[in-house]
Every structure is written in structure tokens, then in C-alpha cells.
2 protein chains.
Amino acid sequence: MTDCQEEGPGNATPMELFEKLTAQGDKVRALKTEKADKADIDAAVQLLLKLKVDYKTLTGQDYKAGCPPSNSTPTQDNGPSVTEGEDMVDPWNVSTSSAKGVDYDKLIVRFGSSKIDQELVDRIERVTGQKPHQFLRRGIFFSHRDMHQILDAYENKKSFYLYTGRGPSSEAMHVGHLIPFIFTKWLQDVFDIPLVIQLTDDEKYLWKDLSLEECHRYAVENAKDIIACGFDVNKTFIFSDLDYMGMSPGFYRNVVKVQKHVTFNQVKGIFGFTDSDCIGKISFPAIQAAPSFSTSFPQIFNGRKDVQCLIPCAIDQDPYFRMTRDVAPRIGYPKPALLHSTFFPALQGAQTKMSASDPNSSIFLTDTAKQIKNKINKHAFSGGKDTIEEHRKYGGNAEVDVSFMYLTFSWKMMSSLRRSVRTTPVEPF
Amino acid sequence: MTDCQEEGPGNATPMELFEKLTAQGDKVRALKTEKADKADIDAAVQLLLKLKVDYKTLTGQDYKAGCPPSNSTPTQDNGPSVTEGEDMVDPWNVSTSSAKGVDYDKLIVRFGSSKIDQELVDRIERVTGQKPHQFLRRGIFFSHRDMHQILDAYENKKSFYLYTGRGPSSEAMHVGHLIPFIFTKWLQDVFDIPLVIQLTDDEKYLWKDLSLEECHRYAVENAKDIIACGFDVNKTFIFSDLDYMGMSPGFYRNVVKVQKHVTFNQVKGIFGFTDSDCIGKISFPAIQAAPSFSTSFPQIFNGRKDVQCLIPCAIDQDPYFRMTRDVAPRIGYPKPALLHSTFFPALQGAQTKMSASDPNSSIFLTDTAKQIKNKINKHAFSGGKDTIEEHRKYGGNAEVDVSFMYLTFSWKMMSSLRRSVRTTPVEPF
């Protein structure tokens, strides 16, 4: 489970030890059920007890069947992503008690990623010869994994490609969804490389009370908004999982490879799945992992398996790619690199992110100028004081003012995008 | 989970109640973690306690988290398939302590299927106007689900189709593998209907220490043996999962539909999966289920979703289709009907079935006549007495004599098939 893939109990992570213990527990039970030789049972029990001691030593916790270790070693690459401290961040939930939003420095430590510091921003400028995108300069993309490796590759004229995606849970995308796409377009322009965009309509079917047909239709609708971002038409491949899985044996082969190398214990630890979850959810992480490997796209990479992938995404998607990075070397592929963005605050405040399923929290790309104005005036949390008098006297608080936060993301760019999306006729996808 | 799909606690199966309890337990824990209102927590705990009482009443067992109910109501359609009485029968293990082989009458009761009695054999003869196949007359196909429904359909000129399959775990198939195929060919001849044959190369990759390429190659090799059985070339579709998943969006859509409607608790109960199993194994049952639905083959059925499926298979595959029959009405499809065969005994005796991974237990379609003779003489368990004198005095015991058992399966037919397989040149598949 660790990055370095070393074996032996001395280097085991808590999750590895937890799995060994679970397996050993199963073995002891099986031997007892089979009424095996007493000597065999005793030996198995001895090993179980030794593993329990190791586990306590490593984690400081007692082993408890069915309860994976909590993330007591924050620098490892693969701990559970939720419920530590106050902030909750996983692919389905983002919430914090602070009106300033999630504490991203703490998140870097918890997830074991690296901060995008000034040195990295400067190196990007040096290597590409381009002024870094404002999302880099303003800290909106704030965390990474192996970005220096990607820059090394670029300097050495080695190929790599971009992968990002969207879970199509609604007819229209909201402005928060655009952040990774706007930045990905900039990366594609600067590096001039292929880009694949996954629309996880299968995921939305599994998680939401929607039909397959609805999820697929949302994917097609969302693709129009994505196309309007202006990606290089000759180097961009946008696909729905429901369609592409049935069109590419290379993709399915990689899904099965990942599925063979990840256990239920692992996805339980990483994503918090329970025994009551459907088997589709449990195996889905492999489907989001597969586009990280160039052999999923033989039509683009001609079967090359060594083309590294760079994934720009919001930080809540990191658990998928921690898992992917763990599996990659075991199935003979390079680990994907990552660039993580902050969340786009909900209108009601930075305690949570915009959510397409709550229309009043979000500004959609299909909203009219008048609707947007109304939403901002009526719902956007303000850093102002309670009365005009107090406000004049003490001033506002830009740290919690949602309208101000939106401006840091470059409001102008987004509102012009909105217009281009819905005024450019887009052919059915 | 029951056949009749009725709702309400009064009609809940043990597994349904177990799942409700698990979900309610999770809910109580979540409320406590969130420090929710005391009133909310109390209400949730009250419901939990009520469910525990219902569970005890229904099953006679105390609810234990993580331990699904054992099969205390044998006539239901969906209990665990293993470790009751002496016989062990699931898709990966067949064993019994009796030299006469598995007690199939007990298995019918345990699995909740129906015996193929003389009345059904007579009706097949009446409806089809054909003498029933010797596998029916000799009780080798001994159990069924909804076969009368299929005969009704045939009488009313309603369409149906055949589905069977093979897990390609070795270069060559053995004679035991041929039983369902020989019988399926007879069914296709008699009913003149389409047949789909699934080669689960993905399953073998997930379960065995083999590469994807090896499993796929075994699928191609096994397809040659299957083709040699002489199916109607215009009405038979043989496919490898690794290939077909990447060629048919209809197939993947059905896989996802099944995956949404089956929980980990259910596959744990049905197949005995544990938390240490890989997520590929856990979600695989949906892939074996999907060909039971005609929309998985739009090229054959033009998108019709109401064509019923009849599955001839060995009884160890029944757990997959109990699950499939449970899911079918919930996703708007007819339940597949089934015809179950007994196992083909290993050379060493009827305590277990032939296994391709143990060459000395099996007669392969690639074995030469000399190899077969040697295997029978050297390994086939005999019902004879210890010495020639005793044997002459007391006679043999045909009930445990493996060579005699083979003759009941029609040895002549199989040995002639063997020759046809390997003397007819078969084009690459």
C-alpha cells in the first residue's frame, strides 16, 4: 500500500497489517470450522496474536475486526480520507465548520500530497516559458503529486497526457465544475498534449436515484459545456463510461486489472464503503482509475503503456488517485501525477462547495444574467455587518465574503464562458 | 430477495432483515458520531432494537454484525450455498464425504429448486415431439427452475433463448465440461432457438494466478472444443468477456444495472466472499448474470427486453442465477429458467468433480486414446474388491465405481466427440 512497495512486516502500513490480521482471523475461523489438527489451529492463533501486537505497536490502537485503522500516519499515501479534525473531504462530501472554508494546509498533511510552493510555480514558468495561470498564482491549484516528474519529462521531450473528468449528476454544470476544465485547457495549450475527459455516468447511476438513460443524457449535455471551454479538437477525447466501456476492450482490461489488485478492505478504508453498499459502488473506483493508464486509449497511444498521466482535479477526488497510484506499479504502469484545486464555495458560504443537486447553492451555466444577479443578491453570504451603519463603521470581512471569494477565481472569465457556452450552437455529441 | 418480491417486515427474508439491521446500525453510529439530538438517536436505537427482535423471531438466531444469516429457511430463493450437511457445493468447490457422490435430493431442498420428475420429462416429450435426451432420462439433468414456464412459452410460440458458459482456466476442456454443452446442443436442435455462450476469461483472471493474455488465450482454445459440439452456426454466439465487454454497450449497461441492485452483504451470503477479496471478485457475479437478459445482445434480439432465457448448467453455478432471478424483476426483466446437471465425477471418485487444474483427476479432450486408457487403468476408482478372489465371490459395487458412472453419462458419445474435436481442423476464433 505504500509508495515504495517494500515487503515485510517491518515496513507494513497500518492498512496492510489490518488486512493481514483480517485474513488471519478468517483462517483461524476456517480451521476451527473444519475441525483441523489442533497443532495447525494453535500455529494460526499464535500468528494472529503476533500480528495483533505488531498492529498495536504500529498504530497505537487495538485491532478491531471490520474497523480499518484510522489515519494515524498522515504522510502515507493511502489512509482513510474522512473525519479527521473538523473538515470532511471525500468524493461525496465536503464540509467544514469554518466560514473561511477548508483548511487546505492541514489537508495536504492528511492526504500526504505536496504543496504547490513558489519554487514549483517558478519552475513551471521557467520550463514552459509561459506566465503561470492565475489559478496557480492565486493558490487555487494548491497541492500536487509528482509534478516535478512531469516537468522533467517535458524538459526531456518525453510524452505525457492529461486526464480529468466530471460526474454528470445534473442537466447543467455549475461554475465550480469549470475550475478544473479551465485550468486543464491552459495546461493543454502550454504543453500541447492529448487530453482525455471521463464522464462517469455509470457512477451517477450507481449513486443517485436516476435511470441509466437520464445519467447518459446528462453526460451528453455536460459534454456541451465542456466542449465550450475550447479544448484542442484534434487532441481531446471526451467519453461517457456507459458508451466507452462497450467500445474499448483496452479500457475494460485495465478496469479488471485494477479490480484484481484492490480489496474490499482497501476501498472500505479509502472511501468508507460498508457491507450494505451495492457491489457497483464497491468496484467503481477501478473505473475512475483506468483512464490514468495510456493503454485504456489504444486509439490515441497505439498501445504504448509507458505514457505518464497528469490529472488536474479538485482535491476531493484525490482518494481515487491515491488508490490508483498504489496499484499502478503492481500492474506495470507509471503512477499518475496530480494537481489539486480548492473547492468553489457554495453561495451560502465556504463551509461547503457548490452542489448541482442544491440549485440555490450554485450558479449554473444555463442561468440567465438576471437569475445570476438574483442568486448573488439573495443567497450569497456576505462578509458585511448586520446594519448599514455598522458596516460603514467596521467594514466587511473579505475572508468569509462569498462574492469576494468568487472574484479571486476570476469571475469575468466564468461569466464570459457562460455566454459562450449557451450562445455557440453545439452539435449533438 | 424472495421470488414474490413482496414488501413489508412481515414478508422480509432473513437476508433483507439482516441488511436493514446493518443499515440501521450504521445510522445509529453515524448519529452518535455527529452528536445528533438525543431524541433522534433514541428513535433510531428503538427501531434497531425492534428489528433485532424481528430478526430473532424469523431466524431463531441473534443478529450479529458482519455475519449474514445462515440458510434456516431452505425453500427461499437466496440463501448461502455452502457448508450445510456434509456436501459442499458452490461455484468453486464441490465435495462430499460419500463415495456415491453429492446427495442431489438434499441439494434440491437446500437450493430451493424443483426436481425434474417423470411428469416433466413426459411433458418435454409431448411438447417437443422428440424422445427426451438420455441426460434427462438418466437423471443427469435432475433439477430445474421454471422449466414449465419455458414449455408454456414454446407451446404459445413465444420466443426464448439458451445461455450457457465456461470458465476457461486451462488450455483444454475435460469431458465433464462437455455435459452442459452436449445437452445444450440437443435443446437447440429441439427448440430451434438462439444460443449465447459466455467464456468468463475475466473471472479466471480474477481468481487464478494467470495473466489476462493467458486467460484470453484459454478462452479462444476452449471455444474450439465448444464449436466442435456442432451448434447451429447461424444461431450461436460465443464470446469472451474480455472482448465482448469492450464491444457491446448493451452488455455493460446490464452489468451496471445488476451491480446497482446487489449489495456486498448479499454476495457475502450467497458466495461467501470476505473483506479480503478483491473488488473484482465481489462485483463479478453481475457479469455472469448479465447474459440472462436479452438486451445484452441487441445484435440478436433487436433491443427486445422480454425474451426469456433458459440456462442449462451444472448445479454448482446455481448461486449466480439465484442472485440473477432475484434481481431480474427489479430491473424490469424476466427471470431466467434453469436446468441443472449433476457433476462429472473425478477419476479418484465421486467425492469431488473433475478439475482441469488437477490433470490426474480429469480426462482432457486433448488426451490421446493411449493416455485415456492409462488414466482410467491407473487412476479411476473401482468398485471392485481388494483381491480377485473376493471380487469373484462378492462382485463389484457399481454405485461407487467411477468407470461405471462414466458409462451412465454415455461414454461412447464423449469419446467420439473427443476425436471429432481434434481431427476436424478448426479456424482461429
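**Two chains, strand by strand and helix by helix**

Let me start with one pair of residues in chain A, where Cys313(A) stands opposite His340(A) in β9(A). Please keep in mind throughout that what we are looking at is a predicted model.

The pair I just named belongs to a longer contact between strands, since β8(A) and β9(A) run parallel and are joined by five bridges. With β4 of chain A, residues 141-145, the pairing of β9(A) is antiparallel and extends over four bridges, and there it is His144(A) that stands opposite Leu339(A). How many of the five residues of β9(A) are buried? The strand, which covers residues 337-341 of chain A, is mostly covered, and five of five are buried. As a general point, side chains in a regular strand alternate between the two faces of the sheet. In this strand Ala337(A), Leu339(A) and Ser341(A) point one way, while Leu338(A) and His340(A) point the other way, and the residues on both sides are buried.

Let me move to chain B and look at a whole sheet. There we have an open sheet of seven strands with mixed pairing, and its order is β3-β4-β9-β8-β5-β6-β7. Which strands form the edges? They are β3, residues 114-115, and β7, residues 236-240, both of chain B, and each of them pairs on one side only. The pairing of β3(B) with β4(B), residues 141-145, is antiparallel and rests on two bridges, and within it Ser114(B) has His144(B) as its bridge partner. Across this sheet lies helix α6 of chain B, residues 147-155, which passes over β4, β5, β8 and β9 of that chain and runs at about 135° to β8(B).

Next, the relation between the two chains. Chain B superposes on chain A with an RMSD of 0.2 Å after a rotation of 180° and a shift of 0.1 Å along the axis. The two copies are thus related as by a two-fold rotation axis. The same surface serves both copies, in that 100% of the contact residues of chain B recur in chain A.

A helix that brings both chains into the picture is α12 of chain B, residues 264-271, which is mostly covered, with eight of its eight residues buried. Among them are Phe264(B), Val267(B), Ile270(B) and Phe271(B), and also Lys268(B). What covers these residues? The cover comes from both chains, and it includes α12 and α13 of chain A as well as α1, α13, α14 and α16 of chain B. Just after the helix comes Gly272(B), which has a positive phi, near 75°.

Two residues of chain A also have a positive phi, although neither is a glycine. For Lys157(A) the phi is about 55°, and this residue is found in the loop between α6 and β5 of chain A. Is Lys157(A) buried or exposed? It counts as exposed, because its relative accessibility is 76%, and the cut-off for that word is over 50%. For Asn302(A) the phi is about 50°, and its place is the loop between α15 and β8 of chain A. Asn302(A) is exposed too, with a relative accessible area of 69%.

Finally, the empty space. In the whole structure, a search finds three cavities of 30 Å³ or more. The largest cavity has a volume of about 90 Å³, and its lining draws on both chains, including Met245(A), Tyr252(A) and Gln259(A) together with Met245(B), Tyr252(B) and Gln259(B). The elements that give two or more residues to that lining are α11 of chain A and α11 of chain B, residues 249-260 in each.

As for the pockets, the second largest has a volume of about 890 Å³. It is lined by 40 residues, and the closest to its centre are Arg166(B), His177(B), Asp316(B), Gln317(B) and Lys353(B). Several elements of chain B give two or more residues to this lining, among them β2, β5, α8, β8 and β11. Which element gives the most? That is α7(B), with five residues.

Notes:
Residues numbered from 1 in each chain as written. Chains lettered and ligands numbered in written order. Predicted model: local features only at pLDDT ≥ 70, side-chain atom pairs only at ≥ 80, totals over all residues. Heavy atoms only, no water. Buried < 20%, exposed > 50% of the residue type's maximum accessible area, 1.4 Å probe, protein only. Contact = heavy atoms within 4.5 Å. Least-squares fit on C-alpha atoms with pLDDT ≥ 70 in both. Pairing = 2+ DSSP bridges. Axes fitted to C-alpha atoms, helices over the stretch in contact; angles between N-to-C directions. 1 Å grid on protein atoms, 1.4 Å probe; cavity = no way out; pocket = protein on both sides within 12 Å on 5 of 7 lines; lining within 4 Å. Points joined across faces, edges and corners; volume = space filled by probe spheres on them.
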